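Please look over the sequence and structure shown here before reading the briefing that follows.

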Amino acid sequence: MTDTMKRSGAPVELDATDRALINALQGDFPLTREPFAEVAAAFGLAEDQVIARMRRLLDARVLTRFGPMFQIERIGGAFCLAAMRVPETDFERVAAAVNAFPEVAHNYRREHALNMWFVLATETPAGIEDTAARIEATTGLPVFRFPKEREYFVEMKLEA
Amino acid sequence: MGERQGGTVDDVERRIIVATQAGLPLVARPWDEVAASVGVGVDELLARVRSMLDRGVIRRIGAVPNHYAIGYTANGMSVWDIDDARVDAVGEFVGALEGVTHCYRRPRRLPEWPYNLFAMVHGRNREAVERQIGEIAARIGERFPGACRERDVLFSSAILKKTGLRLGAPG
């Protein structure tokens, strides 16, 4: 599961049309029978060209996902950011133990005394506390919980 | 945990989530394919998805770029200790600034952790992220004098895991 962050990586060639598509599709995808045809019309492309570009961008991992983004809090589920202070000498063991929990959706190493930051995603709010307690029991380290108290409006604005 | 906002989904909506959580099919009529796998007509499917969007069960439908692949190789979690009376106003302000992709209020964990506002900042390199956070600090200082007591930034040095949520199929 561990993959080191690629700082440069193998660059994927993106042309101006790719970039424009990525930027446009961070917004709303049409909720219609033939949505790619609508997107294509807006770009002056053929429908199959748009589909082929999307496939290429996904295959090359330029896009990590394409589809509906769900807010599981709205259906009874819960997310919680959590952090641990992991001794450097024990980091790999603890990372493996934490990552083995299916409830751990993302896990990042960060440069701070609290050096491991992960997101718990569970189907019920009670699952958060239960999972955090089990991680503490497994690793022998305290898990600091940082539940979201309020989310502020954020626009999608990373330009490709 | 303070993250639950109520609401519920029925079995059809749960099947829609399971059918699309890994992504939409890349075909001319993707919703027709989803409808077939969910076992409803496409008109009902479109109406259901529209309703899920309206209720916020679906936040949006679209593409998620890999930040690294589009050139944003540095990400810094900026964290701020903001006066509780002004933290919501500061949060709205910071969330609207360029380069900020997430902005949340979270509880402090004293004494280890004095910060109550988290803003993720993406940039093309670490210097750009640091510059951007410096600008955010300056703008908070102008707009909300004295509101920010302390700040820090945590850069990520490795992705240890990234899978996202996976709901099981309906039981």
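How many residue pairs are in polar contact across the interface of chain A and chain B? The rule finds 42 such pairs, both residues being at pLDDT 80 or more, where a polar contact is a pair of N or O atoms within 3.5 Å, of which, within protein, one must be able to donate a hydrogen and the other to accept it, and residues adjacent in sequence count only if both atoms are side-chain atoms. This is a predicted model, in which local features need pLDDT of at least 70 and side-chain atom pairs count only at pLDDT 80 or more, while totals for chains, interfaces and linings use all residues. Residues are numbered from 1 along each chain as its sequence is written, chains are lettered from A in the order in which they are written, and side-chain values use heavy atoms, with hydrogens and water left out.

**Extent of the interface**
- In contact (heavy atoms within 4.5 Å) are 84 residues of chain A and 91 residues of chain B.
- The area buried between the two chains (accessible area, 1.4 Å probe, lost on being put together and summed over both) is about 8700 Å², and carbon and sulfur atoms give 58% of this area.

**Salt bridges**
- Between chain A and chain B the count is eight salt bridges, each a side-chain nitrogen of Lys or Arg within 4 Å of a carboxyl oxygen of Asp or Glu.
- Arg33(A) forms a salt bridge with Asp32(B), with the closest N and O atoms 2.7 Å apart.

**Domains of chain A**
- The assignment, automatic or from a database, gives domain 1 (2-59) and domain 2 (72-147) in chain A, and their C-alpha centres lie 33 Å apart.
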